[in-house]
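Subject: Structure handover

Hello,

Here is the structure for you to look over. My notes on what was found in it follow below.

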Amino acid sequence: GGGAGELGKDADVSAADAGDGGDGVSSSITGSSTTRAGGGGAVGVAVTNTTGSGGAGGGGNGNTSGTGGNGTVNTGSGGGAGSTSGGSGGSGAVILKYPDTYSLNIGAGLTATTNGTAVPDYKITTFTAGSDDVSFFVAGPSFTTDYLVIAGGGAVGYGYNAAGGGGGAGGYRTSAGTSGCGASAESSLTLEVGPSYTVTVGAGG
């Protein structure tokens, strides 16, 4: 399966290679470089009995004797193919980076953590599940916020003869580095204190 950074590898029967998942894309928005949204590995059971590895960024591995590996949660990575069933895609995530002079009200429907030390002068809030509104408080003007939004990864089917891996996040967009498929960075968001903004974290396939 394709990753956010590259296509999945083609199978090569002569080399007994079922095909690895494509690599994801790295981002340092949290203060350290992390790769997410890798594609799932394929399988070729009847012909070569080989498996493909998941792409860098959490892609699930292929499995010739059962269920394919699941994509890593909160990376938007694709599931690996299997001989009996395919792996599930990894859930997505939303990450906000904003000045540490501001604080965030987070609705009860969201699961989130905030780190105020990883990047000097900034807070990093990572949303890992749910959907609800958020709003900033502390009086002040509008301000810019960097973000990373990763859609959930694709699940995959299965088959005795062969099966491809699940695709990594269909949507990988960020203002802090390269977006998916080699696209340039998006513009930072300009947010204000007071209004509510809806955040939704997508589930994997």
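Of the 205 residues in the protein, 43% are buried (under 20% relative accessible area; exposed is over 50% and partly exposed in between, with a 1.4 Å probe and protein chains only). This is a predicted model, in which local features need pLDDT of at least 70 and side-chain atom pairs count only at pLDDT 80 or more, while totals for chains, interfaces and linings use all residues. Residues are numbered from 1 along each chain as its sequence is written, and side-chain values use heavy atoms, with hydrogens and water left out.

The protein has zero helices and twelve strands (DSSP runs numbered from the N terminus: H or I of at least four residues for helices, E of at least two for strands). Of its contacts (heavy atoms within 4.5 Å) with a separation of 6 or more, 55% are between residues 24 or more positions apart.

The largest nonpolar core (buried Ala, Val, Leu, Ile, Met, Phe, Trp, Tyr and Cys residues joined through side-chain atoms within 4.5 Å) has 14 residues. Tyr98, Leu104, Phe127, Val134, Phe136, Phe143 and Val199 have the most contacts inside it. Strand 5, strand 8 and strand 9 each give two or more residues to this core. Apart from it lies another core of ten residues, including Ala37, Val119, Ile150 and Tyr172. Beyond its neighbours within four places in sequence, Phe143 touches residues including Tyr98, Phe136, Leu189 and Leu191.

The largest pocket (an open set of points on a 1 Å grid over the protein atoms alone, where a 1.4 Å probe fits, with protein on both sides within 12 Å along at least five of seven lines; lining residues have an atom within 4 Å of a point) has a volume of about 160 Å³, taken as the space filled by probe spheres set on the points, which are joined across faces, edges and corners. Among the residues lining this pocket are Val134, Phe136 and Val199. Strand 12 (196–200) gives the most to the lining, with three residues. The lining divides into ten nonpolar, one polar and no charged residues (Ala, Val, Leu, Ile, Met, Phe, Trp, Tyr, Cys and Pro count as nonpolar, Asp, Glu, Lys and Arg as charged, and the others, Gly among them, as polar).

One salt bridge was found in the whole structure (a side-chain nitrogen of Lys or Arg within 4 Å of a carboxyl oxygen of Asp or Glu). Arg173 pairs with Glu186, their closest N and O atoms being 3.5 Å apart. Arg173 is in strand 10, and Glu186 is 13 residues away in the loop between strand 10 and strand 11. Arg173 is partly exposed at 37% relative accessible area, and Glu186 is partly exposed at 32%.

Regards
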